Amino acid sequence: MLRNTVTDADGDTANLTFQVYTTNADGTPKAQVDLDGSGQYGVLVSPYVASGGTAKVTVPYGILKPGVLYKFRTSAYDGSLYETNWSPWADFRIEPYMKFPAAQTSSAIDPTVQAIQEFTRSDPGPALPTFAANGAVKREATQRRTCGKQDLQGRKLCIDLSPPTAESKARAKKRAEALHDTAEAKAHKSGTPPTAVAVAPAVELVDWCYDKPAGKDYITRTEACLKNIGSGNLIFIDADNKQIGFATFDFEQRIKAYPNKAASGSDFGEFDQQIVIVPVAIDAALKGVTMKWNIQSTCSSCVTSKTRWADNQNNPAGDTAYWSAQDASAYSGRWGTTQTTWSGTGKETIDLGWSVTATVDASDTAKATANFGTSGTQPRRELAPRCDDILKSSAPGCVLPSFALNWTVDTNLYPAAGAYYWYMQQVMPDHAGSRRWDSLMHYLGPDTTLKNSAGGTWTSDNSRTRVCDSTWSVHKSDASVGSVDCDEFAMASTHESGGFPNSVNLVTSGSKCAQLFTDKMGDGSANFGILADTRTATNGPSGTERCGRAAIPSVQNQRAFSGFPAPSWRMLDGDGFFLTLPGFEHCTSTATTCTWSKIS
């Protein structure tokens with residue numbers, strides 16, 4: 001739409017004749033554009049407006065090309081007199097929100113790849129501080145030391161836990177190097193190629209964990225590596241509170257969930273747990289130390305095995321974690337592993353708790369227990385496994401649902417879809433799926449309790465029908481765009497869809513969404529763009545719309561999410577995930593056209 005204000009000295013109504021030209025490289029007028037298709041005058045004339053009013057004309061689609069610099073000018077007519085001069089030139093260009101080439105024929109992007117994430121435990125126990133996401137101390141430790149009852153001689157045993165220190169981190173690094181060297185030597189001896197998995201110690205439950213830096217905790221969808229537990233000082237005290245003996249241990253933990261039978265080999269849901277206890281020093285006065293690992297669980301349908309103890313080389317190490325004072329060393333670690341099987345129905349999120357109880361050979365009854373915290377506070381439950389038998393195709397399985405999954409759209413193969421999604425993520429008030437805004441999407445799973453009007457389970461088709469309803473029609477585009485579909489954002493398979501009844505983005509019709517379409521650029525390049533469909537909203541999206549619908553090439557619309565592995569990720573209703581768009585993540589603003597960048 002072209003506009004200009006017209007004023008008549010006599011106060012008469014007037015109209016404007018609009019004339020458009022292409023431009024030379026220096027910006028000067030080049031050739032007139034035939035706006036009306038007549039081939040004669042090539043101009044458009046507005047209706048009459050009152051003096052001082054804005055006259056406007058709509059240029060038919062296809063005459064003006066996106067990405068081309070044009071100039072236009074106007075001349076007035078009051079019904080009897082023509083303006084003798086044209087107005088000054090005004091420059092304009094139809095710019096896309098996003099710009100990209102045709103889809104690539106191949107790509108190295110893995111849409112399903114997941115990064116190991118660092119996280120902070122919300123309940124590490126009373127002996128350790130809790131931290132905010134930025135690393136700041138949220139709550140200081142409330143009880144560093146715990147002591148047991150006195151024995152018959154009035155002696156007692158205490159455990160004093162402390163967070164990782166520079167010294168304990170250095171010890172952990174040396175142990176990891178030693179474990180690596182031993183495992184690598186075994187791999188070479190056996191002829192096994194020294195891959196990352198091959199050189200992980202055989203005793204390690206989570207093969208990528210052993211050489212992660214101490215002082216941080218890590219998580220994936222199925223595994224957790226806790227290396228921020230720290231150290232424990234075991235103190236043996238006489239009746240006069242004088243120290244008899246002293247020992248120091250370093251602690252770590254692991255959790256491994258098995259998402260299906262192929263991973264576990266079991267007909268039940270399963271998750272395993274492991275504790276690593278390494279003696280740093282044990283006084284001779286203690287004679288020897290035994291550690292018992294205590295696991296608590298809220299599971300109503302679980303069976304947990306007895307703890308299996310092994311040394312650093314995965315050799316059986318007896319029924320308990322035991323060290324004599326003379327045999328203990330920084331490399332005589334004990335790895336305790338338990339297996340939990342779940343035989344329930346439906347789904348169950350299982351809260352866990354841990355502690356260790358220490359005894360010493362120097363006393364028959366003295367013991368002390370250190371609290372290692374739980375799987376997390378109720379809002380977070382970051383270490384609470386969830387087991388279910390809802391996904392029948394993969395048998396029962398378990399995952400760590402607090403892990404935020406990531407679906408990476410292959411923007412090499414599907415640049416139009418990726419461009420549209422990125423734009424909507426930035427302008428939607430809830431920024432659905434954007435890591436930049438730390439805003440998760442939530443999966444519409446098969447276990448949703450929401451019903452459709454027919455009484456059946458609400459599906460993505462129900463949500464899509466509301467957004468891509470009868471108010472949508474195909475916007476004209478260049479033939480090179482090909483067949484297009486109505487592509488809704490947020491996706492119909494999420495709780496953030498504008499068609500999902502409980503969505504914060506719920507709309508009564510897709511006509512309330514931002515309206516966009518794909519078209520060929522007219523600047524001589526091979527590029528395409530995402531542009532505003534101005535048939536409904538003259539000025540394009542306002543940036544306040546709660547959803548989007550766009551004419552996207554059919555293949556890209558249908559395939560950008562076609563491999564979404566919800567079953568193998570064991571996703572259930574409400575599970576959160578991010579949507580990343582690597583070809584556009586370098587963009588910082590929607591105020592200027594963002595151009596696709598190939599990801600190698």
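**Exercise 1. Find the residue in β26 that is the bridge partner of Thr 349, and place this pair in its sheet.**

Solution. Start with the pair itself: Thr 349 has Arg 386 as its bridge partner in β26. Please keep in mind that the model you are looking at is predicted.

Next, go from the residues to the strands. β26 covers residues 386–388 and is joined to β23 by three bridges, the two strands running antiparallel.

Then widen the view to the sheet. Three strands make up this open sheet, in the order β23-β26-β27, with antiparallel pairing. β23 (347–349) and β27 (397–399) are the edge strands, each pairing on one side only. On average, neighbouring strands here are turned by 15 degrees against each other, direction ignored.

**Exercise 2. Decide whether Asp 389 is buried or exposed, and list what surrounds this residue.**

Solution. First locate the residue: Asp 389 sits in the loop between β26 and β27.

Now look at the accessibility. Asp 389 has a relative accessibility of 15%, and buried means under 20%, so Asp 389 counts as buried.

For the surroundings, set aside the neighbours within four places in sequence. The contacts of Asp 389 are then Trp 342, Gly 344, Thr 345, Gly 346, Pro 396 and Arg 570. With Gly 346 there is a polar approach: a polar atom of the Asp 389 side chain lies 2.7 Å from the backbone nitrogen of Gly 346.

**Exercise 3. Work out which strands stand at the edges of the six-stranded sheet, and describe how β8 pairs with β35.**

Solution. Write down the order: this open sheet runs β30-β33-β31-β32-β8-β35, and its pairing is mixed.

Read off the ends. β30 (484–489) and β35 (594–595) each have a single partner strand, so one side of each has no neighbour in the sheet.

Now zoom in on one end. β8 (residues 98–100) pairs with β35 in the parallel sense, over two bridges. Within this pairing, Lys 99 has Thr 595 of β35 as its bridge partner.

Finally, add the helix: α3 packs on this sheet and touches β8, β30, β31 (514–520), β32 (528–532) and β33 (548–553). The direction of α3 makes about 165 degrees with that of β33.

**Exercise 4. Check the length of α3 against its expected span, and say how many of its residues are buried.**

Solution. Helix α3 comprises 13 residues, 415–427. At 1.5 Å a residue, the helix should span 18 Å; the multiplier is one less than the number of residues. The end C-alpha atoms of α3 are 19 Å apart, which agrees.

As for burial, α3 is mostly covered, with 13 of its 13 residues buried.

Notes
Residues numbered from 1 in each chain as written. Predicted model: local features only at pLDDT ≥ 70, side-chain atom pairs only at ≥ 80, totals over all residues. Heavy atoms only, no water. Helix = DSSP H or I, 4+ residues; strand = E, 2+ residues; numbered from the N terminus. Buried < 20%, exposed > 50% of the residue type's maximum accessible area, 1.4 Å probe, protein only. Pairing = 2+ DSSP bridges. Axes fitted to C-alpha atoms, helices over the stretch in contact; angles between N-to-C directions. Polar contact = N/O pair within 3.5 Å; in protein donor to acceptor, adjacent residues only side chain to side chain. Contact = heavy atoms within 4.5 Å.
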